[in-house]
Amino acid sequence: MSNFFNQTNSTNFLLQIPDGKLTESFVLNLQTINVPEIHIPSTYAPAGTQGIATGSYPGSGIEFEPLNARFIVDENLDSWLSMYKWMISINNYIDRDRSGWMHGDKPRPVVLNILNNTKTDVVLTIRLHGAWCSNLSEIEYDYTVETDPALFCVATINYQYLEVEKDGAVITGRV
């Protein structure tokens with residue numbers, strides 16, 4: 001049996017922000033996105049019977065880094081506006097009574113689908129539970145450039161935890 005795997009392409013992804021009480025659903029036209037970093041923090045404890053040395057042991061939790069999505073800003077700024085509306089639906093600085101968290105509304109999971117190389121099937125789904133946009137980067141307009149490049153914005157999406165689904169089954173760990 002061969003352990004040779006066909007490589008994935010760096011353009012095989014789709015990010016969906018679901019419909020819910022906090023925002024209307026939308027799909028971003030992304031340039032780049034990262035599968036978030038996941039790590040188990042280290043706990044240091046005595047490694048020997050007399051405590052002369054300390055060793056590193058796995059901690060009792062897992063930490064998740066934010067998802068960073070670089071998306072193309074369209075001519076009418078609808079993509080940026082969708083992210084902005086999502087932000088103020090959670091923490092509304094204009095009218096505090098319209099903040100979603102104050103009413104117990106919780107966002108539905110944001111879904112990152114990794115596609116096959118022909119972009120016809122989903123090969124892996126990552127659901128970010130409790131997701132919310134914490135940052136929108138600047139959008140830079142510039143008369144000094146000689147071409148007309150696509151403008152982009154980077155959204156930082158934090159979340160409580162993620163789950164990974166492969167072939168219709170959520171990965172849960174050891175049997």
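How much surface does the protein expose, and what share of it do carbon and sulfur atoms supply? In this predicted model, the exposed surface amounts to about 12200 Å², and carbon and sulfur atoms supply 52% of that area. The chain comprises 175 residues, of which 29% are buried. Among contacts with a separation of 6 or more, 60% are accounted for by residues 24 or more positions apart.

The secondary structure consists of 1 helix and 14 strands. An open sheet is formed by 6 strands in the order 2-1-9-10-13-14, with antiparallel pairing. Strand 2 and strand 14 (169–170) are the edge strands, each pairing on one side only. At one end of this order, strand 1 and strand 2 are paired in the antiparallel sense over 2 bridges; glutamine 16 has valine 27 of strand 2 as its bridge partner.

Further antiparallel pairing involves strand 12. Strand 8 and strand 12 are joined by 6 bridges, and isoleucine 72 has phenylalanine 152 of strand 12 as its bridge partner. Strand 12 also pairs with strand 11, in the antiparallel sense and over 4 bridges. Here the bridge partner of tryptophan 132 is asparagine 158, in strand 12. In general, strands of a sheet pair through backbone hydrogen bonds, either parallel or antiparallel.

Helix 1 spans residues 78–90 and has 13 residues. The distance from its first C-alpha to its last is 19 Å, close to the 18 Å expected at 1.5 Å a residue. The buried residues of helix 1 are Ser79, Met83, Trp86, Ile88, Ser89 and Ile90. An α-helix has 3.6 residues a turn, so residues three or four places apart point the same way. The buried residues of the helix pack against strand 1 (13–17), strand 2 (26–27) and strand 9 (110–115), and also against strand 8 (67–72), strand 11 (132–136) and strand 12 (152–158).

A search of the whole structure gives 2 salt bridges. In one of them, glutamate 163 is joined to arginine 127, with the closest N and O atoms 3.5 Å apart. Glutamate 163 belongs to strand 13 (residues 161–166) and arginine 127 to strand 10 (residues 122–129), so this pair ties together parts that are 36 residues apart in sequence. A salt bridge also links the side chains of arginine 127 and glutamate 165, at an N to O distance of 2.6 Å. Because arginine 127 lies in strand 10 and glutamate 165 in strand 13, this pair ties together parts that are 38 residues apart in sequence. Arg127, Glu163 and Glu165 are thus linked in a network of salt bridges. As for the two glutamates, glutamate 163 is partly exposed, with a relative accessible area of 23%, whereas glutamate 165 has 19% relative accessibility and therefore counts as buried, the cut-off for buried being under 20%.

On the surface, Ile38, Ile40 and Ile62 make a nonpolar patch of about 280 Å². Isoleucine 62 is located in the loop between strand 6 (54–58) and strand 7 (63–64). The relative accessible area of isoleucine 62 is 48%, so this residue is partly exposed; membership of a patch requires over 30% relative accessible area.

Definitions and conventions. Residues are numbered from 1 along each chain as its sequence is written. This is a predicted model: local features need pLDDT of at least 70, side-chain atom pairs count only at pLDDT 80 or more; totals for chains, interfaces and linings use all residues. Side-chain values use heavy atoms; hydrogens and water are left out. Patches are made of residues with over 30% relative accessible area and no salt bridge: like charges are joined within 9 Å, nonpolar side chains (Val, Leu, Ile, Met, Phe, Trp, Tyr) within 5 Å. Accessible areas come from the Shrake-Rupley method with a 1.4 Å probe; for residues, only the protein chains shown count as cover. A salt bridge is a side-chain nitrogen of Lys or Arg within 4 Å of a carboxyl oxygen of Asp or Glu. Buried means under 20% relative accessible area, exposed over 50%, partly exposed in between (1.4 Å probe, protein chains only). The expected span of a helix is 1.5 Å times one less than its number of residues. Contact means heavy atoms within 4.5 Å. Two strands pair if DSSP finds at least two bridges between them.
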